[in-house]
Amino acid sequence: MTTFLLIAALLVLVMVAVALARLLRSPRPVDWIMAAQLLGTAGIGALLLVGTATGASGALDLALLLALLAAFATLAFAASVRSRTERGRGSAAEAGTPAAAADTANGGLDP
Amino acid sequence: MIMVLDLFTIVAVSLGLVLFLAGVVGLLRLPDPLSRLHALTKADNLGLGLVILGLLAQVDWPFGALKLIALWVLVVVSGSVAGQLLASTQHDLLDTAPARVPDQSADRSQSQR
Amino acid sequence: MNAAIDLGLFADLVIAVSVAGLALWLVLTRERFRAVVGFMVYGLFVALAWMRLGAPDVALTEAAIGGGLVGLLLLGASARVPPEPAATTRRWPLHLTAALLSAVVAAGLAAAVLALPEPAPSLAGTVADALPATKVDNPVTAVLMAFRAVDTLFETVVLVLALIAFWSLVPDRAWRERPAWLPSPRPAPALVLLARLLPPLGVLVAVHLFWIGTSQPGGKFQAGALLAALWALTMIAGLTRPPAADRRLPRLLAVIGPAVFFAIGLAGIWLAGDFLAYPTGLEKPLILVIEAVLMISVAVALGLILAGLPPAAAALSTQDHQGGAGAPREPRS
Amino acid sequence: MIQATLYGLVGAVLVGFGLYGLIVGASALRKLIAFNVLGSGVFLTFGVIARRGAGAGFSGDPVPQALVITGLVVAFAATALAVGLMVRLAEVSGRGDVDDEGTAAAKPSAAPAAPDLPSSADRQVARPQP
């Protein structure tokens with residue numbers, strides 16, 4: 001059983017690593033934060049699998065914290081992108097997409 | 001009994017892994033952010049849900065299992081709202097001026113589409 | 001069993017390569033905003049590494065501080081400093097020298113790691129022997145609260161000092177204004193829903209982390225950092241407003257932890273014969289009391305730092321549009 | 001033990017990357033990120049020492065672990081102070097870095113007129129205001 005759970009954890013980790021490499025190279029900011037979201041979920045999965053396999057204490061608590069922080073990162077990111085575009089400071093280089101720059105030209109998202 | 005529980009764990013965790021894999025393949029292959037987000041949320045809710053379901057058979061029953069279930073509820077609730085938030089943020093970013101109706105109810109209807 | 005160890009090592013290898021790759025990418029990537037978001041991901045990954053190193057207490061702290069708080073601080077700051085020059089002239093001599101220097105330092109450190117003494121020096125045995133006297137089961141909490149309590153006391157003092165130094169950057173004319181570093185967009189429904197949803201769950205997790213801290217991984221720093229993050233979250237969504245630096249209550253809460261800790265430490269001189277010694281029989285209740293007030297102080301101090309500084313350039317850059325850096329932005333009521 | 005060595009090497013590599021970024025970073029914010037990477041490398045190396053000291057039923061030597069927890073909080077305090085200084089520098093002088101030559105040329109044109117501010121006066125000597 002231990003072996004199976006460890007293999008599963010390993011697979012999850014490899015998948016996360018591959019997806020992270022792809023997402024973080026994307027030009028779109030929303031992809032970057034998807035990487036954080038994915039790491040939250042899959043990190044929890046890997047943690048629980050390894051924690052159950054090896055009986056490491058604290059795995060579940062760290063998983064709880066990761067779940068909260070992934071959602072937290074998403075919220076902070078979304079708020080940041082929104083307030084950037086609202087303030088019209090989100091230049092293409094900063095906010096990432098040309099569309100964001102175009103959006104700032106008409107004064108923000110929620111008039 | 002132990003055998004049955006182990007078998008249950010293996011089946012559920014494997015299914016969860018398949019869903020994770022599908023989510024990751026979706027993340028890698030799908031063309032635009034919104035469909036990638038769609039793939040990601042499947043891995044979020046079902047993939048992790050199945051892994052946790054499988055692990056339920058391996059932890060000590062009253063408290064360990066309750067904690068696992070609480071964790072899954074937390075992930076599902078926060079993950080779905082976070083997905084919604086990301087989608088609406090991305091939608092607003094891509095959206096250009098003509099399609100915009102200037103109030104918040106419009107924002108909501110956009111993100112529910 | 002042997003296979004299990006090998007598989008664990010494989011997992012370590014994946015984590016190690018990912019952490020190193022992420023670090024390199026953080027340093028090299030061109031876009032600043034991307035590096036800031038990437039830093040959050042990096043912090044979460046380093047937390048996994050700590051977990052594998054058998055240090056769940058550190059993993060929790062790293063996830064909360066490295067992944068959450070530092071990321072948020074940088075996110076707030078990155079909107080407030082001027083954009084980077086698009087393409088600086090690459091100064092190759094400097095880059096080459098820096099790369100060489102860094103390589104030499106890294107190689108030296110690697111050599112030191114490889115040459116660590118074989119029966120590793122350890123205080124684990126000493127801690128295990130003295131642990132029963134503290135009536136605390138988590139060895140890390142015992143070290144923090146009993147064996148090296150002076151460290152912990154002055155660390156919390158350092159945190160308060162950092163807050164004071166941070167606030168001393170506020171110009172006099174902006175002293176009574178509210179901090180405005182956190183991104184505060186107009187509230188979108190999903191944003192507000194998430195910000196209403198997370199705090200109750202988060203507070204539950206924080207209390208849980210605090211409560212089990214005496215017997216299992218967890219404790220005041222982890223719980224306090226999580227609470228601070230949750231507070232910042234409600235400020236971002238506009239559900240609460242960051243307090244101005246001249247408010248009494250936040251200030252009081254920020255110092256109450258170190259003050260109570262210090263008072264109990266002083267009382268130890270009379271009651272138990274030494275500074276920061278706990279009277280027999282009262283060890284665990286006292287440690288719990290100290291942890292509780294420290295958690296509050298850590299949460300408030302970290303939260304106040306996250307809230308940032310008032311828009312100091314209010315008077316300076318009213319005519320200056322680019323200075324969105326400091327333009328006064330009242331959070332919505 | 002192989003595991004500990006592996007993470008020790010990662011710690012060394014992180015210190016190297018962090019140091020490089022600290023020197024060549026394009027702005028103060030980037031240098032701060034690099035500094036945090038450097039710090040996490042140092043902490044990780046320390047964690048390896050804790051791991052090697054595992055014994056007496058603990059998965060690691062608790063003393064270095066406790067020190068790392070203390071260190072993480074203090075590192076956050078230092079980062080916060082640095083961020084505060086960085087933002088104030090940007091507010092009074094419109095600059096994103098303390099570097100004299102690198103960012104001066106590409107400085108945003110809308111920087112506030114700073115020479116009359118005493119706090120930034122000493123930094124103005126080496127650099128003509130555009």
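Buried residues account for 64% of the 130 residues in chain D of this predicted model. The chain is built from four helices and zero strands, so to speak a plain α-α-α-α run from the N terminus on. Among its contacts between residues at least 6 apart in sequence, 45% link residues at least 24 apart. One residue pair gives a feel for that: Gly39(D) and Val15(D) sit 24 residues apart in sequence, yet their C-alpha atoms are 7.3 Å apart in space. Gly39(D) belongs to helix H2 of chain D, and it counts as buried because 22 other C-beta atoms lie within 10 Å, against a cut-off of 20 or more.

Confidence in chain D is uneven. The mean pLDDT is 76, with 75% of the residues at 70 or more. H1(D) comes out highest, at 91, while helix H4 (residues 118-121) of chain D is lowest, with a mean of 37. Over residues 101-130 of chain D the pLDDT stays under 50, and for that stretch the model has 45 contacts beyond four places in sequence. For the complex, the predictor gives an ipTM of 0.83 and a pTM of 0.82.

Next comes chain C. Buried residues make up 53% of its 333 residues, and its C-alpha atoms fill a box of roughly 65 × 50 × 40 Å along the principal axes. Chain C has eleven helices and zero strands, which read along the sequence as α-α-α-α-α-α-α-α-α-α-α. Of the contacts in chain C with a separation of 6 or more, 72% are between residues 24 or more positions apart.

The domain assignment splits chain C into domain 1 (9-82) and domain 2 (132-312 + 327-333). Taken over C-alpha atoms, the centres of these two domains of chain C are 22 Å apart. Where they touch, domain 1 of chain C puts in 15 residues and domain 2 of chain C puts in 18. The domain 1 side of that contact holds ten nonpolar, three polar and two charged residues.

Helix H6 (residues 139-147) of chain C is a good example of a covered element, with nine of its nine residues buried. The buried set runs from Pro139(C), Val140(C) and Thr141(C) through Ala142(C), Val143(C) and Leu144(C) to Met145(C), Ala146(C) and Phe147(C). What do the buried residues of H6(C) pack against? Within chain C, the partners are H3, helix H5 (124-134), helix H7 (149-167) and helix H11 (283-307), and H3 of chain D joins them from across the chain boundary.

That last partner leads on to the interface between chains D and C, where 76 residues of chain D are in contact with 88 residues of chain C. On the chain D side, the elements giving two or more residues are helix H1 (2-24), helix H2 (28-52) and helix H3 (62-93). H3(D) supplies the largest share, 23 residues. Sorted by class, this side of chain D has 46 nonpolar, 23 polar and seven charged residues.

Chain C also touches chain A, with 55 residues of chain C in contact with 51 residues of chain A. Two or more residues on the chain C side come from each of helix H1 (2-28), helix H2 (32-52), helix H3 (56-78), helix H8 (189-212) and helix H9 (220-236) of chain C. The largest share here, eleven residues, is from H2(C). By class, the chain C side of this interface divides into 41 nonpolar, eleven polar and three charged residues.

Finally, the nonpolar cores. The largest has 234 residues, and those with the most contacts inside it are Val12(A), Leu75(A), Leu69(C) and Leu226(C). Helix H3 (residues 59-87) of chain A gives the most to this core, namely 20 residues. Both domain 1 (9-82) and domain 2 (132-312 + 327-333) of chain C feed in as well, with at least three residues from each. Leu75(A) shows how the chains meet: leaving aside neighbours within four places in sequence, Leu75(A) is in contact with Leu85(B) and, from chain C, with Leu191(C), Leu194(C), Ala195(C), Leu233(C) and Ile236(C).

How values were computed: Residues numbered from 1 in each chain as written. Chains lettered and ligands numbered in written order. Predicted model: local features only at pLDDT ≥ 70, side-chain atom pairs only at ≥ 80, totals over all residues. Contact = placed C-beta atoms within 7 Å. Nonpolar A, V, L, I, M, F, W, Y, C, P; charged D, E, K, R; others polar. Buried ≥ 20, exposed ≤ 12 C-beta atoms within 10 Å, placed from the backbone. Domains from an automatic or database assignment. pLDDT = per-residue confidence, 0-100. Core = buried A, V, L, I, M, F, W, Y, C linked by C-beta atoms within 7 Å.
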